[in-house]
Amino acid sequence: MHTMPQFARTPATTEDATIHKQRRATRRECANVLGVLVDAIGMEAALVRIGEVLQKGPKGYVCAVDVNGVLSALRDGGVADAYGNAALALPDGTPTAWVGRAQGFRRMHTVTGPDVMRAIFSQQRFASCTHFFYGGKPGVADELAATLCRQYPWAKVAGIHTPPFRDLTSNEEAALIATINQCKPDIVWVGIGAPRQELFMRRMLPRLETR
């Protein structure tokens with residue numbers, strides 16, 4: 001399941017601009033990939049940053065930026081805003097990392113969403129984290145969670161939800177929010193396809209009571 005119908009672009013607010021400015025200020029160095037800021041990091045630096053967010057906050061979301069994501073951001077300002085407000089924008093894909101290294105960021109390497117997931121579940125520094133899986137076809141998230149729990153007995157799955165392959169109704173969305181807020185997971189894994197998942201994460205972040 002990778003760290004979803006298209007949502008209309010929401011105009012940026014003063015609060016959005018402040019968050020964006022703060023996130024830029026607190027990030028490590030970023031490469032500029034056709035206007036999309038991508039953290040110039042490798043796997044270990046990404047895990048350190050995720051650990052810092054989990055321990056100290058403020059809560060945020062992580063995007064994996066590949067070539068298709070950059071192209072989506074060029075076409076849709078909402079996607080660009082989602083990337084810009086992410087707590088971490090991973091260089092997902094060799095071309096993205098190449099651009100960063102060409103700009104002088106020699107420590108920038110490909111960091112994919114699935115690789116980050118495996119690292120978080122496998123490493124003891126994240127063993128206390130609880131997880132919620134959202135997305136996939138019926139049964140996929142359940143199978144993934146079961147596999148991870150078999151491989152890593154310390155894994156803690158707080159909940160699983162498979163959404164319909166369409167926009168959620170207002171009632172469905174309210175029920176999802178209530179479920180996640182009851183579970184209060186440390187990490188919500190969203191796998192509904194880019195750029196839908198980036199738009200979903202940005203829109204839902206202030207409404208979810210994650211730890």
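1. A word on terms before anything else: accessible areas here come from the Shrake-Rupley method with a 1.4 Å probe. On that basis the protein exposes about 10,800 Å², and carbon and sulfur atoms supply 55% of that area. Keep in mind as you read that this is a predicted model.

2. The overall layout, then. I get 9 helices and 7 strands for the protein. Of its 211 residues, 47% count as buried.

3. The aromatics are a good place to start looking. Searching the whole structure turns up 4 aromatic pairs. In one of them, F121 and F133, the ring centres are 6.1 Å apart and the planes make an angle of 20 degrees, so this pair is stacked. F121 belongs to helix α6 (residues 113–122) and F133 to strand β5 (residues 130–135), so the contact ties together parts that are 12 residues apart in sequence. As for accessibility, F121 has 2% relative accessibility and counts as buried, and F133, at 0%, counts as buried too. If you have the viewer open, add W189 to your selection: ring pairs link F121, F133 and W189 into a cluster.

4. Stay on strand β5 for another pair. Y134 and F200 are stacked, with 4.9 Å from centre to centre and 10 degrees between the planes. Y134 lies in β5 while F200 lies in helix α9 (residues 196–204), so here the parts tied together are 66 residues apart in sequence. Both Y134 and F200 are buried.

5. Helix α9 spans residues 196–204, and R196 deserves a look of its own. Its charged end sits over the ring of F165, at 5.6 Å from the ring centre.

6. On to charges. How many salt bridges does a search of the whole structure find? The count is 7. One of them joins the side chains of E44 and R125, with 2.9 Å from N to O. This pair links distant parts of the chain: E44 is in helix α2 (residues 43–56) and R125 is in the loop between α6 and β5, 81 residues apart. E44, at 44% relative accessibility, counts as partly exposed, and so does R125, at 40%.

7. Helix α2 also carries a local salt bridge. R49 pairs with E52, the closest N and O atoms being 3.9 Å apart. Both residues lie in α2, 3 residues apart, or about one turn of the helix. Is R49 buried or exposed? With 15% relative accessibility, R49 counts as buried, because the cut-off for buried is under 20%. Its partner E52, at 29%, counts as partly exposed.

8. A third salt bridge to check is between the side chains of R203 and E173, at 2.7 Å from N to O. R203 sits in helix α9 and E173 in helix α8, 30 residues apart, so to speak a link between distant parts of the chain. R203 is partly exposed, with a relative accessible area of 29%, whereas E173, at 12% relative accessibility, counts as buried. There is also R207 to consider: salt bridges that share partners join E173, R203 and R207 into one network.

9. Still on helix α8 (residues 170–183), have a look at Q182. Q182 is exposed, with a relative accessible area of 69%. The C-alpha atoms of Q182 and T210 are separated by 9.4 Å, and these two residues are 28 apart along the chain.

10. Now strand β3 (residues 62–65). V62 and A64 point one way from the strand, and C63 and V65 point the other way. This is the pattern to expect, because in a regular strand the side chains alternate between the two faces of the sheet. What may catch your eye is that V62, C63, A64 and V65 are all buried. As for the neighbouring element, β3 and strand β4 (residues 88–91) pair in the parallel sense over 4 bridges. In β4, L88 is the bridge partner of V62.

11. Last, a spot on the surface. L34, V67, L71 and L74 form a nonpolar patch there, and together they have about 370 Å² of accessible area. L74 is placed in helix α3 (residues 67–75). At 52% relative accessibility, L74 counts as exposed, because the cut-off for exposed is over 50%.

Conventions. Residues are numbered from 1 along each chain as its sequence is written. This is a predicted model: local features need pLDDT of at least 70, side-chain atom pairs count only at pLDDT 80 or more; totals for chains, interfaces and linings use all residues. Side-chain values use heavy atoms; hydrogens and water are left out. Rings of Phe, Tyr and Trp (its six-membered ring) pair if their centres lie within 6.5 Å; planes under 30 degrees apart count as stacked, over 60 as edge-to-face and the rest as tilted. Helices (H or I, at least four residues) and strands (E, at least two) are DSSP runs, numbered from the N terminus. Buried means under 20% relative accessible area, exposed over 50%, partly exposed in between (1.4 Å probe, protein chains only). A charge sits over a ring if NZ of Lys or CZ of Arg is within 6 Å of the ring centre and within 35 degrees of the ring normal. Patches are made of residues with over 30% relative accessible area and no salt bridge: like charges are joined within 9 Å, nonpolar side chains (Val, Leu, Ile, Met, Phe, Trp, Tyr) within 5 Å. A salt bridge is a side-chain nitrogen of Lys or Arg within 4 Å of a carboxyl oxygen of Asp or Glu. Two strands pair if DSSP finds at least two bridges between them.
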